[in-house]
Amino acid sequence: MDFELSNEQRMILDYGDRVAQEFDRRYWMRYAERHETPRELFRRIADDGFLGLMVPEAYGGGGQGMLEMALFMEGLSNNGIPLLSLVVNSTMSLALIAMHGTEQQKQKYLPAACRGDIKFCFAITEPNAGSNTMEITTLARREAQGFRLKGQKTFITDADTADYALVVARTRPHTEVARKTDGFTLFVLDMKQPGVSKAAIPVSVPMPESQWQLFFDDVELEEADALGTVDDGFRILFDTLNPERIILSALCVGIGRYALRRAVEYASERKVFNQVPIGAYQGLQHPLAAAHAEVELAGLMTHKAAWAFDRRLPAGEYANMAKYAAAEAGIHAVDAAIQCFGGNGFTKEYGMFDLYPMVRLLRTAPLNREMVLNYIGEKVMGLPRSY
């Protein structure tokens with residue numbers, strides 16, 4: 001693995017610095033506090049060709065890989081602009097359609113999505129299944145002309161602004177399959193279809209994106225709506241779940257860097273007692289330095305996971321370790337930064353505590369720390385299954 005970024009990759013990383021000159025953290029927070037989409041920012045990102053970064057150029061995209069997408073998120077988050085919409089739309093949905101869609105699906109959805117004319121959400125989580133995806137109960141029953149979808153999803157990001165959803169459903173119940181991974185199918189669902197309804201889930205985390213429950217009441221689907229092979233959808237799920245972990249790791253790394261940069265600036269100027277900058281005191285310096293080391297180590301594992309994914313190598317080991325390391329590093333970095341600011345760290349003026357809910361959320365979502373450690377213990381280290 002080459003640790004030096006190419007000129008193009010450096011430009012992608014640095015894009016966050018450029019866009020932040022016009023759309024900065026204060027701009028992001030205005031929308032985050034109202035859970036509203038920052039439309040001007042998304043328009044700029046679309047116009048600059050970054051929404052479809054992982055989509056081939058033939059379909060209007062940037063023709064780049066997972067590493068470039070992670071660098072893009074890193075660059076934005078380095079400036080305090082984390083966008084979960086880029087996770088569910090650009091990384092999980094558009095890239096998956098580009099990899100596994102039919103030619104008709106690619107032509108129908110990708111150019112418009114890359115332009116920002118249409119938007120996707122990703123629907124997998126269910127209230128009764130949680131992390132146990134094997135036992136989801138949303139069912140698409142085959143009929144003569146296609147399928148009828150019935151079930152419920154929860155914590156679906158941006159379901160209110162999405163035109164389409166990638167829905168993970170069972171086309172055979174888990175009680176009727178030989179292997180628990182059989183019987184999964186992904187569908188492209190028009191959110192305006194009759195039988196689709198939604199309800200908001202109020203959350204306490206400041207972010208532009210909102211969370212929703214989705215309900216499917218005998219929604220009609222066609223054979224052409226299936227993404228990939230019917231009943232064999234689990235095989236392609238990891239082409240979206242590993243990227244989800246990778247891109248969120250990049251987000252945590254970026255937020256950690258942003259918090260530490262703000263703390264260093266503050267600690268280098270703030271003077272008390274003997275008029276020595278507080279950053280000279282080891283009681284502040286060491287926690288910031290330790291957090292910096294954690295963040296940069298997590299960044300390296302994030303890049304390695306993206307590198308492996310782009311080469312079609314098994315990426316689950318690295319993606320899960322990156323997600324664990326980055327979430328922990330992000331929390332430690334923000335916590336150390338808040339402590340550095342003292343009472344000012346809790347004020348709206350300085351905006352430091354506003355960073356904490358996002359990084360703390362990502363210790364739990366989309367896969368909690370305990371399940372990530374279970375994966376590492378069992379799948380990577382070879383320990384007995386614990387659950």
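Author: In this predicted model, a residue is called buried when its relative accessible area is under 20%, exposed when that area is over 50%, and partly exposed in between.

Reader: Why is R245 called buried?

Author: R245 has a relative accessible area of 11%, and buried means under 20%, so R245 counts as buried. The residue has a charged partner, since E244 forms a salt bridge with R245, and E244, at 11% relative accessibility, counts as buried as well.

Reader: What makes the contact of E244 with R245 a salt bridge?

Author: The closest N and O atoms of E244 and R245 are 3.8 Å apart, and a salt bridge needs a side-chain nitrogen of Lys or Arg within 4 Å of a carboxyl oxygen of Asp or Glu, so the contact meets the cut-off. The structure holds 26 salt bridges.

Reader: How do you know that R148 forms a salt bridge with E143, and why are R148 and E143 called partly exposed?

Author: For R148 and E143 the closest N and O atoms are 3.2 Å apart, which is within the 4 Å that the term requires. R148 has a relative accessible area of 26% and E143 one of 41%; since partly exposed is the range between under 20% and over 50%, R148 and E143 therefore both belong there.

Reader: Are E378 and K379 buried or exposed?

Author: E378, with a relative accessible area of 18%, is buried, because the limit is under 20%, whereas K379, at 52% relative accessibility, counts as exposed, because that word begins over 50%. Their side chains meet in a salt bridge of 3.6 Å, N to O. Elsewhere, E328, R363, R369 and E370 are joined into one network by salt bridges that share partners.

Reader: Why is helix 4 described as largely enclosed by the rest of the structure?

Author: Helix 4 is largely enclosed because twelve of its twelve residues are buried; among them are M66, E68, F72, E74 and S77. The helix reaches 16 Å from its first C-alpha to its last, close to the 16 Å expected at 1.5 Å a residue.

Reader: What makes Y15 and F72 an aromatic pair that is tilted?

Author: A search of the whole structure finds 16 aromatic pairs. In one of them, Y15 and F72 lie 5.8 Å apart, centre to centre, with 50 degrees between the planes; rings pair if their centres lie within 6.5 Å, and an angle that is neither under 30 nor over 60 degrees counts as tilted. Y15 lies in helix 1 and F72 in helix 4, so the pair ties together parts that are 57 residues apart in sequence. Y15 is buried at 4%, and F72 is buried at 0%. Ring pairs also link Y15, F50 and F72 into a cluster.

Reader: Why is the pair of Y109 and F120 called edge-to-face?

Author: The planes of Y109 and F120 stand at 80 degrees to each other, with 5.7 Å centre to centre, and planes over 60 degrees apart count as edge-to-face, so the name applies. Y109 is in helix 6 and F120 in strand 1, eleven residues apart, and both Y109 and F120 are buried.

Reader: How do you know that R170 lies over the face of F184?

Author: R170 is at 4.1 Å from the ring centre of F184, where the distance limit is within 6 Å. In the same way R312, at 5.4 Å from the ring centre, lies over the face of F309.

Reader: What is the value of phi for R312 and for D218?

Author: Most residues other than glycine have a negative phi, and most peptide bonds are trans. Phi of R312 is near 60 degrees, a positive value in a residue other than glycine, and R312 lies in the loop between helix 8 and helix 9. D218, which is not a glycine either, has a positive phi of about 55 degrees; D218 is in strand 7 and counts as partly exposed at 38% relative accessibility.

Reader: Where does P366 lie, and which peptide bond is cis?

Author: P366 lies in the loop between helix 10 and helix 11, and the peptide bond from A365 to P366 is cis, with omega near -5 degrees.

Conventions:
Residues numbered from 1 in each chain as written. Predicted model: local features only at pLDDT ≥ 70, side-chain atom pairs only at ≥ 80, totals over all residues. Heavy atoms only, no water. Phe/Tyr/Trp six-rings, centres within 6.5 Å; stacked < 30°, edge-to-face > 60°. Helix = DSSP H or I, 4+ residues; strand = E, 2+ residues; numbered from the N terminus. Buried < 20%, exposed > 50% of the residue type's maximum accessible area, 1.4 Å probe, protein only. Lys NZ or Arg CZ within 6 Å of the ring centre and 35° of its normal. Expected span 1.5 Å × (residues − 1).
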